[in-house]
Amino acid sequence: MADHPLAFNAFLMNTPSHIHHGQWRHPDAHQVEFNDLRFWVDLARTLEQGLFDAMFFADVTGLYGPADGRFADNVTEGLQIPSNDPAVLLSALALATEHIGLAYTSNIMQNPPFNFARQISTLDHLTGGRVAWNIVTSTQENAARNFDLPGLVDHDARYDWADEYLDVLYKLWEGSWDEDAVVLDRVGNRYADPAKVHKIHHRSARYSVEGPHLVAPSPQRTPLLFQAGGSARGIAFAARHAEAVFITTPDPDVAREHIATTRRLATELGRRPDDLRFFQGLTFVVGEDQAEVEAKLADYEAYASVLGYQLHTALGTLPDGSHLPDDTPLRAIANNGGRGHVDWVSATVDGREPTLGDLVNSRVRRGLVSGTPEQIADVLADYRDAGVDGINVINWRLPGTYEEFNRLLLPTLQRRGLAKLAYAPGTLRHRIFGTDRLPDRHPAARYRGAYAGN
């Protein structure tokens, strides 16, 4: 597996300022057109030309910072406010594209499991099996208050909640309809066989769901499952549920350790190490020579908003809008979300206490890889050797980042066997794992055939 081509996702958000804050102000930055469907259709086609495996949409349902805090800076910066629902966008992109996967984020608070199962199964039908779900538990206190909660549930308890949420989904996706339930018998006047469609009668601490699932089995049944938790509890959750894990480790050595830990835990749960794929988040600055690279870096840094990066850490912002000093130790800051990134930043600081300034600086140069195409290819080969299976390409400006990838970087990656030459046929899961459906080793599979007679 060491010499396989990497997969590539475009890391996006339906908002003006996603990861690299301040860049929307540049005259060539068209992410300010995020309300225009034509912008996204054009971008999707650009990404298909670059053989990207998926458009990976992040999302939030609340503000960064203290729940009762001042949020004027968030609005001024355009920092994930305004932001639009990516699920609505995906159905339009499905019609405008043929191959690219469409992955989106939805947290466990924002949509009851029955309704979410119906929506994503519908999208899986409409896309011909190209949908993926990024499972998140949310990190914003404000998001919790937007969904009838007094505050964000404790970090580890959110993963317990996610386990329960997924249990409902697995029953609906995998157990409610038998594989051959749809018969399309026009003469006999039977669209589907009622003996092969089942209620699930789920009862648990949070949910009571009778069923049946209202959508017949889609090409993947269960969408491809992404997850991005880096804390100990998040890693355990990924080992149990995830198929594709999004990581933002600071270097290949940390990636290797994280991947080995997750795969070991997965095998302890009865899965196989290759049941999981790992996607490293990276930002590229590519040039024909070092002078061009340095000129581009200078241009990006000229538009970078340090305030935006500070807000995005979700740590160190006080209710009055002021910020803790950069030398504040990270251990002194209460943190009920985003622990994995803090742990990875801490691992890169030798001989001293990691600080808030370290966290902010890591955001400013988050996963930055710069150089000529050959130099960048060398770094990607190191990540591949560490066990990374794919890259989530973080953009500076849209569509420029991905146009440059296609023109400057892709040919070198293809020549060196680091990128594919063409799309393989089939569903998104089939292209990544060689099968349309979850393997029998996945916990969702235990519900196949479990409701016969219901």
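Which residues touch the most other members of the largest nonpolar core? The close-ups below start there; keep in mind that this is a predicted model.

**View 1. The largest nonpolar core and its best-connected members.** This core holds 88 residues, and the ones touching the most other members are Phe 8, Leu 12, Trp 40, Met 55, Trp 133 and Phe 284. Helix α6, residues 155–175, puts in the largest share, with 10 residues. Apart from this core lies another one, made of 20 residues and including Ala 58, Tyr 64, Leu 224 and Ile 432. As background, nonpolar side chains in soluble globular proteins tend to be buried together.

**View 2. Leu 12 and its contacts.** Skip the neighbours within four places in sequence, and Leu 12 still has plenty to show. Its contacts include His 18, Trp 40, Leu 43 and Leu 47. Also in contact with Leu 12 are Met 55, Phe 56, Phe 57 and Ala 58. From much higher residue numbers come Asn 395, Leu 398 and Tyr 402. Two of these partners, Trp 40 and Met 55, turn up in View 1 among the core members that touch the most others.

**View 3. Phe 56 meets Phe 226.** There are 21 aromatic pairs in the structure, and here is one of them. The rings of Phe 56 and Phe 226 sit edge-to-face, 4.9 Å centre to centre, with 85 degrees between the planes. The pair links distant parts of the chain: Phe 56 belongs to strand β2 (residues 54–58) and Phe 226 to strand β9 (residues 224–227), 170 residues apart. Phe 56 counts as buried because its relative accessible area is 1%, and Phe 226 is buried as well, also at 1%.

**View 4. A cluster of aromatic rings.** Ring pairs join Tyr 104, Phe 116, Trp 133, Tyr 165, Trp 173 and Tyr 207 into a cluster. Trp 133 may look familiar: it is also one of the residues touching the most other members of the largest core.

**View 5. A salt bridge inside helix α6.** The side chains of Asp 167 and Lys 171 meet here, 3.7 Å from N to O. Both residues lie in helix α6, 4 residues apart, or about one turn of the helix. Buried or exposed? Asp 167 is buried, with a relative accessible area of 16%, and Lys 171 counts as buried too, at 11%.

**View 6. Asp 389 and Arg 263.** The structure has 26 salt bridges in total. In this one, the closest N and O atoms of Asp 389 and Arg 263 are 3.0 Å apart. Asp 389 lies in the loop between α13 (373–385) and β13 (390–394), while Arg 263 is in helix α8 (residues 252–268), so the bridge ties together parts that are 126 residues apart in sequence. Both residues are buried. Elsewhere, Glu 374, Asp 378, Arg 415 and Arg 416 are joined into one network by salt bridges that share partners.

**View 7. A nonpolar patch and a salt bridge at Arg 190.** Val 182, Leu 184 and Tyr 191 make a nonpolar surface patch of about 300 Å². Val 182 has its place in strand β5 (residues 182–185) and is partly exposed, with a relative accessible area of 33%. Arg 190 and Asp 193 meet through their side chains in a salt bridge, 3.9 Å from N to O. Arg 190 is partly exposed at 36%, whereas Asp 193 is buried at 15%.

Key
Residues numbered from 1 in each chain as written. Predicted model: local features only at pLDDT ≥ 70, side-chain atom pairs only at ≥ 80, totals over all residues. Heavy atoms only, no water. Core = buried A, V, L, I, M, F, W, Y, C linked by side-chain atoms within 4.5 Å. Buried < 20%, exposed > 50% of the residue type's maximum accessible area, 1.4 Å probe, protein only. Helix = DSSP H or I, 4+ residues; strand = E, 2+ residues; numbered from the N terminus. Contact = heavy atoms within 4.5 Å. Patch = residues over 30% accessible without salt bridge, like charges linked within 9 Å, V, L, I, M, F, W, Y side chains within 5 Å. Areas by Shrake-Rupley, 256 points an atom, 1.4 Å probe, with all protein chains shown as cover. Salt bridge = Lys/Arg side-chain N within 4 Å of Asp/Glu carboxyl O. Phe/Tyr/Trp six-rings, centres within 6.5 Å; stacked < 30°, edge-to-face > 60°.
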